[in-house]
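Work through the exercises below with the sequence and the model side by side. Each task sentence is followed by a solution that goes step by step.

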Amino acid sequence: MTVGAGISVGDGKLNVLGNVILTDVHDNIFVSPATGDGLVNGAFIGVRSDQTGSRRVFPVGKLQGLRFMCVFRFKLWWMTQRMGSCGQDIPFETQFLLVEGHEGSHFGEDDALYTVFLPILEGDFRAVLQGNSNNELEICLESGDPAVRGFEGSHLVFVAAGSNPFDVVTNAVKTIERHLQTFCHRERKKMPDMLNWFGWCTWDAFYTDVTAEGVKNGLDSLEKGGIPPKFVIIDDGWQSVAMDPTSVEAKADNTANFANRLTHIKENHKFQKDGKEGHMVEDPAMGLRHIVTDIKDQHAIKYVYVWHAITGYWGGVRPGVAVMEHYDSKLAYPISSPGVESNEPCDALKSITTNGLGLVNPEKVFNFYNELHSYLASAGIDGVKVDVQNILETLGAGHGGRVKLARKYHQALEASISRNFPDNGIISCMSHNTDGLYSVKRTAVIRASDDFWPRDPASHTIHIASVAYNTIFLGEFMQPDWDMFHSLHPMAEYHGAARAVGGCAIYVSDKPGQHDFDLLKKLVLPDGSILRAKLPGRPTRDCLFSDPARDGKSLLKIWNLNDFTGVVGAFNCQGAGWCKVGKKNLIHDEQPDTVTGIIRAKDVDYLPKVADERWNGDAIVYSHLCGDVVYLPVNASLLLTLKAREYEVFTVVPVKKLAGGVTFAPIGLVKMFNSGGAIKELKYEVERSGIVGMKVRGCGIFGAYSSVRPKRVIVDGEETEFRYEEERGFVTITLRVPEKELYLWDITIEF
């Protein structure tokens, strides 16, 4: 028997805190405890083997009869979720596995035991999970370089367990952080301020046809409607790129040509003042700087980001170009792993494999990034969206393998970001592999799923579900970014509500003149700020192992936390999913059924952390669409029914008992999706009978629950009119638009 802190292998079983999770465990499998001050209930799975090779697969043991949720890469760039109950249901390229156990748990009969499996990096190898036809969980170990063959095999998968799934995952990732010392947990990273403001991205508005004039038009259009963006992402289309004479064009329907390579670090003619195609201006003031200065001055834009691929462009940096020779780029041809190949095919990868990629010499890649980013910073750019990151895993041959190459590139990238963009201005994109996740120490924002596809009806419910489940894993490393969306779209409200509970940046990619300002006003305040929740939005505990996209009976509920309230978004996501047979997103039910579920205060898993220490569990639940104010006693639930592609957002507020038997709960700005995000300070004066003090951001109708009519309401020292609906216990006041940005109203309610 081998033992590691509550986890052991013996008699052919993997035992986790008294639960048998795997049976028929192979003799060469062993566990060892985490060292140092790590998680108590955790251990590493290792494999004894005299095999060598750049790719090896090791069966561990059988998983049968236990519900699990995993996230796996369904294509090279992105992950999505899969639920099942036996080993053969576990897909190739599974990077996170959460298993539910019950019997034998010492946490009590009604409590589940949550066991997480996290395949990690060891030396020059990357581990990943998969299942086989014998219901065995397997470890697949790859270096990505035929010359890198020897491995130790003692720390391949970290296993941890406990009674709270979110704590288990967080503590497990923090333990791996201490073990590897190659990455940092999200909580230790600096979040860029752009997350707190409304933004606009040029991609779906213009694709690569974007121009400086188009950027100005897009910002003008939103500002005129009273929703001023405060950050802009100039996406693909600003760079100087060209095809090689012998390359085969690969132009997708979104107009990106994957065969193009970077030919200069400066902007193309469309972003030069009076620019002409084929001509490069020398005066920096006539280049990108002119448009950046213009939009910051004219539109009070705080942050401007631009897009680039981690290799410069889709096809890399063109070798032999005079101004780029010192980067020593050479053509390389991607080789993707068998696990990726077995999932969804990719047009971009196919093109890059055909045409090759101009890979900057890893020893000179810092110079490349630093020269690119210092030029951008000198033009007023504040950050970059770095795309196509997972391509590095296909280029490890001759560079010591995929892990070594990725780490060298990420270290250089983060060093350049740190030097040139002081607000940690980087968004990581197309980067859902553990090569990168376990190799980044600074990057704090990551795109959390495949793109928002405005013209693909199958994609919208899939998008919401994928981000939510991916976030259980990704949210431990970075703040998930839910991607842009269109405010004027049949699914716009659905997407907007999801982003309001996601804790993410909120930005659209509307074409100029095509906006729904009524929707945007539920997300954005007049000063351009947003009411961003504090955490990565994740599925509620009762949704972890149900399949809200395919089972025909489950709602998806996503929870998050504000300073003093919780928020839950509920979504009917049934009817579409990624098909493992067709290997693409498909609508499998054109008319999904209505689905009924329940809302509870405990859906907000960490709500006690923002409640008074004497909170008894009673809560007020405010529904955004219905406007209902419901008092929920501890452990009570609220029934909810949603038709296909419908949603609802609930603000969940702990009830406070005041002197004289008064009960009170502040809800927030009730016309906003995340109402409670407006409350920035809350104080109950226990010495004086029945006085509540709050600092509140924003404008519009502020609402609260009160069991009795207040005597008076004071805003910024002046008594203010209020409404009180006795049958609902609903108090409302109207806050005007403040003159100052991020202004906090001082509100006192006296009883």
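**Exercise 1: The second largest cavity**

Helix H8 (402–420) and helix H9 (434–437) are the elements to begin with, since each of them supplies at least two residues of the lining of the second largest cavity. This is a predicted model, in which local features need pLDDT of at least 70 and side-chain atom pairs count only at pLDDT 80 or more, while totals for chains, interfaces and linings use all residues. Residues are numbered from 1 along each chain as its sequence is written, and side-chain values use heavy atoms, with hydrogens and water left out.

Task: describe the second largest cavity by its volume, its lining and the classes of its residues.

Step 1. The second largest cavity holds about 80 Å³ of space. A cavity is a set of points, on a 1 Å grid over the protein atoms alone, where a 1.4 Å probe fits but cannot get out, and lining residues have an atom within 4 Å of a point.

Step 2. Its lining consists of 15 residues, and those nearest the centre are Gln389, Asn390, His410, Asn433 and Gly436. Helix H9 gives the most, with three residues; helices (H or I, at least four residues) and strands (E, at least two) are DSSP runs, numbered from the N terminus.

Step 3. By class, the lining of the second largest cavity has six nonpolar, seven polar and two charged residues.

**Exercise 2: The largest cavity**

Task: find which elements and residues line the largest cavity.

Step 1. The structure has six cavities of 30 Å³ or more, and the volume of the largest cavity is about 110 Å³.

Step 2. Thirteen residues would be a long list to trace, but among the 13 that line the largest cavity, Asp450, Ile462, His463, Ser466 and Asn585 are the closest to its centre. Strand E9 (79–86) and helix H10 (459–474) are the elements that give two or more residues to this lining, and the largest share, four residues, comes from H10.

Step 3. The lining of the largest cavity divides into five nonpolar, six polar and two charged residues.

**Exercise 3: The largest pocket**

Task: describe the lining of the largest pocket.

Step 1. The largest pocket contains about 910 Å³ of space, a pocket being an open set of grid points with protein on both sides within 12 Å along at least five of seven lines.

Step 2. It is lined by 37 residues, of which Lys75, Asp253, Asn254, Asp451 and Trp453 are the closest to its centre. Helix H2 (203–206), helix H6 (347–355), strand E23 (383–387) and strand E32 (584–587) are the elements that give two or more residues to the lining.

Step 3. The lining of the largest pocket has 19 nonpolar, two polar and 16 charged residues.

**Exercise 4: A hairpin and a helix**

Task: follow the pairing of strand E31 with E32, and then explain why the end-to-end distance of helix H3 agrees with its expected span.

Step 1. Strand E31 (residues 576–579) runs antiparallel to E32 and is joined to it by four bridges, where pairing requires that DSSP finds at least two bridges between two strands. Cys579 has Lys584 in E32 as its bridge partner, and in this hairpin, with four residues between the strands, Lys583 takes a positive phi near 55 degrees.

Step 2. Helix H3 (residues 212–224) has 13 residues, which at 1.5 Å a residue should span 18 Å, and its end C-alpha atoms are 19 Å apart, which agrees; the expected span is 1.5 Å times one less than the number of residues.

Step 3. Just after H3, Gly226 takes a positive phi of about 85 degrees.

Note on methods: Points joined across faces, edges and corners; volume = space filled by probe spheres on them. Nonpolar A, V, L, I, M, F, W, Y, C, P; charged D, E, K, R; others polar.
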